[in-house]
Amino acid sequence: MELELEGADLKAVLNRLRRAQGQISGVIRMIEEGRDCEDVVTQLAAASRALDRAGFAIIATGLQQCVSDIDSGRKNGEDVEQMRARLEKLFLSLA
């Protein structure tokens, strides 16, 4: 299954990843500066949420493309059950 992100989907995912990148840089800086544990964990949680949201957006796009592939018949010899299993594995990887 090839992932094709375009337009608004691509922009949204990239924005979330850039936000997470900035938050992770902030966490590193905070640790280096010896900042309060609660502040560090709060910032780390925000970065984790941003990464999760980017992952879910990518998976949602993949689901949409899979449905399209199913509608147009099997692609690359992969049947519906194989596609379902792969998507389930992707979801669980973010759990």
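**Exercise 1. Where does Leu-17 sit, and what does it touch?**

Leu-17 lies in helix α1, where helices are DSSP runs of H or I of at least four residues, strands are runs of E of at least two, and both are numbered from the N terminus. Before we go on, a word on the material: this is a predicted model, in which local features need pLDDT of at least 70 and side-chain atom pairs count only at pLDDT 80 or more, while totals for chains, interfaces and linings use all residues. Residues are numbered from 1 along each chain as its sequence is written, and side-chain values use heavy atoms, with hydrogens and water left out.

Task: find out how accessible Leu-17 is and list its contacts beyond its sequence neighbours.

Step 1. Leu-17 has a relative accessible area of 36%, so it is partly exposed; buried means under 20%, exposed over 50%, and partly exposed in between (1.4 Å probe, protein chains only).

Step 2. Not counting residues up to four places away in sequence, Leu-17 touches Leu-51 and Ala-54, a contact being heavy atoms within 4.5 Å.

Step 3. Now look along the chain: Gly-55 is 38 residues from Leu-17, yet their C-alpha atoms are separated by 9.2 Å. Another such pair is Ala-57 and Arg-16, 41 residues apart along the chain with 9.6 Å between their C-alpha atoms. Ala-57 lies in helix α2 and is partly exposed at 23% relative accessibility.

**Exercise 2. Trace the nonpolar patch on the surface.**

Task: name the residues of the patch and say which helix gives the most to it.

Step 1. The members are Leu-10, Leu-14, Leu-17, Ile-24, Ile-28 and Leu-51, and together they have about 440 Å² of accessible area. Accessible areas come from the Shrake-Rupley method with a 1.4 Å probe, and for residues only the protein chains shown count as cover.

Step 2. Check the criteria: patch residues have over 30% relative accessible area and no salt bridge, with like charges joined within 9 Å and nonpolar side chains (Val, Leu, Ile, Met, Phe, Trp, Tyr) within 5 Å.

Step 3. Helix α1 (residues 7-32) contributes the most, with five residues. Leu-51 lies in helix α2 (residues 37-71) and is partly exposed, at 38%.

**Exercise 3. Look at the buried residues of α1 and the length of this helix.**

Task: list the buried residues of α1, follow one of them to its contacts, and test the helix span.

Step 1. Val-13, Ala-20, Gln-23, Gly-26, Val-27 and Met-30 are the buried residues of α1. As a reminder, an α-helix has 3.6 residues a turn, so residues three or four places apart point the same way.

Step 2. Take Gln-23, which counts as buried at 14% relative accessibility. Leaving aside neighbours within four places in sequence, Gln-23 is in contact with Gln-43, Ala-46, Ala-47 and Ala-50.

Step 3. For the span, multiply 1.5 Å by one less than the number of residues. The 26 residues of α1 should span 38 Å, and the end C-alpha atoms are 38 Å apart, which agrees.

Step 4. After α1 comes Gly-34, with a positive phi near 70°.

**Exercise 4. Find the salt bridge.**

Task: which residues form the salt bridge, and how accessible are they?

Step 1. A search of the whole structure finds one salt bridge, defined as a side-chain nitrogen of Lys or Arg within 4 Å of a carboxyl oxygen of Asp or Glu.

Step 2. The partners are Arg-35 and Glu-33, whose closest N and O atoms are 3.9 Å apart.

Step 3. Arg-35 is partly exposed at 42% relative accessibility, whereas Glu-33 is exposed at 52%.

**Exercise 5. Put the whole protein together, with its confidence.**

Task: describe the fold, then place Phe-91 and judge the confidence of its helix.

Step 1. The protein has three helices and zero strands, running α-α-α from the N terminus. Of its 95 residues, 22% count as buried.

Step 2. Phe-91 is found in helix α3 and is partly exposed at 36%. Beyond neighbours within four places in sequence, Phe-91 is in contact with Phe-56, Ile-59 and Leu-63.

Step 3. The mean pLDDT (the predictor's confidence in each residue, from 0 to 100) of the protein is 80, and 79% of its residues reach 70 or more. Among the elements, α3 (residues 80-93) has the lowest mean, 76, and α1 the highest, 89. Where pLDDT is low, the predicted coordinates should not be read in detail.
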